[in-house]
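Colleague: I have some questions about how the labels in this model were assigned. Can we go through them?

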Amino acid sequence: MAASFVDEIFRPYAEHGGDFYGENVTQLEHALQCAMLAAEEGASESLVAAALLHDYGHLFEGRGDLAETLHRDAHHESHGAKSLRRWFGLEVTGPIALHVAAKRYLCTTDPGYEAALSPASILSLELQGGRFTTAQCRHFEARTFAADAVRLRRWDDSGKAVGQETPGLESYRALLERVARI
Ligand code: FE
Ligand code: FE
């Protein structure tokens, strides 16, 4: 009974986790790399869960490639956070909801960040509204989970290594059960 919600969370990874993230790694590989980077940096369990699940909203029918195919922003960060709110508190869904804003923030505040983005991230940045203005940066910084979202964003940008070995999805089952608010 207690494990069933994790099965529900994992199901879209089984169904769509093999879809390409857009940069020669799959959605599942990207999720697992981000979670591993978070754990290696000693992030809290809720932030490791956020790293693992940050692109959950990409895993539903067609959302993953909307940017590439339809040149349209699917707002995967809000869809993902909203779906995950059934099981998790804001300490997990907050950073997820802000991980795109964190990219727009870093493009403005971190010299060199935008130049180092992958082609897929640059395409989606444009669709997501581009760099933040100074006022938008101040507004972002005031959000409760802004700092966690920026950390998540760094793992997101690094979690695209082709052929990288990682622990599998099942290795996060117990962590997700501990972090869940159900
Ligand atoms: Fe994302
Ligand atoms: Fe991502």
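Colleague: What spacing do the donors of the iron ion (ligand 1) follow along the chain?

Modeller: They follow D-x20-H-x22-H. This is a predicted model: local features need pLDDT of at least 70, side-chain atom pairs count only at pLDDT 80 or more, and totals for chains, interfaces and linings use all residues. Residues are numbered from 1 along each chain as written, chains are lettered from A and ligands numbered from 1 in written order, and side-chain values use heavy atoms, without hydrogens and water.

Colleague: What makes Asp55, His76 and His99 donors of the iron ion (ligand 1)?

Modeller: Donors are N, O and S atoms within 2.8 Å of the metal (3.2 Å for Na, K and Ca); water is not among the atoms, so sites may look incomplete. Asp55 (OD), His76 (NE2) and His99 (NE2) lie 2.1 to 2.2 Å from the ion. Asp55 lies in the loop between α3 (45–53) and α4 (66–70) and His76 in helix α5 (residues 76–84), so the pair ties together parts 21 residues apart in sequence.

Colleague: Which residue coordinates both iron ions, ligand 1 and ligand 2?

Modeller: Asp55 does, and the two ions are 3.5 Å apart.

Colleague: Why is Tyr105 called buried?

Modeller: Buried means under 20% relative accessible area (1.4 Å probe, protein chains only). Tyr105 has 13%, so the label applies.

Colleague: What makes the Tyr105–Glu141 pair a polar contact?

Modeller: The term needs N or O atoms within 3.5 Å; within protein, one must be able to donate a hydrogen and the other to accept it, and residues adjacent in sequence count only if both atoms are side-chain atoms. The side chains of Tyr105 and Glu141 make such a contact at 2.6 Å.

Definitions and conventions:
Buried means under 20% relative accessible area, exposed over 50%, partly exposed in between (1.4 Å probe, protein chains only). Helices (H or I, at least four residues) and strands (E, at least two) are DSSP runs, numbered from the N terminus.
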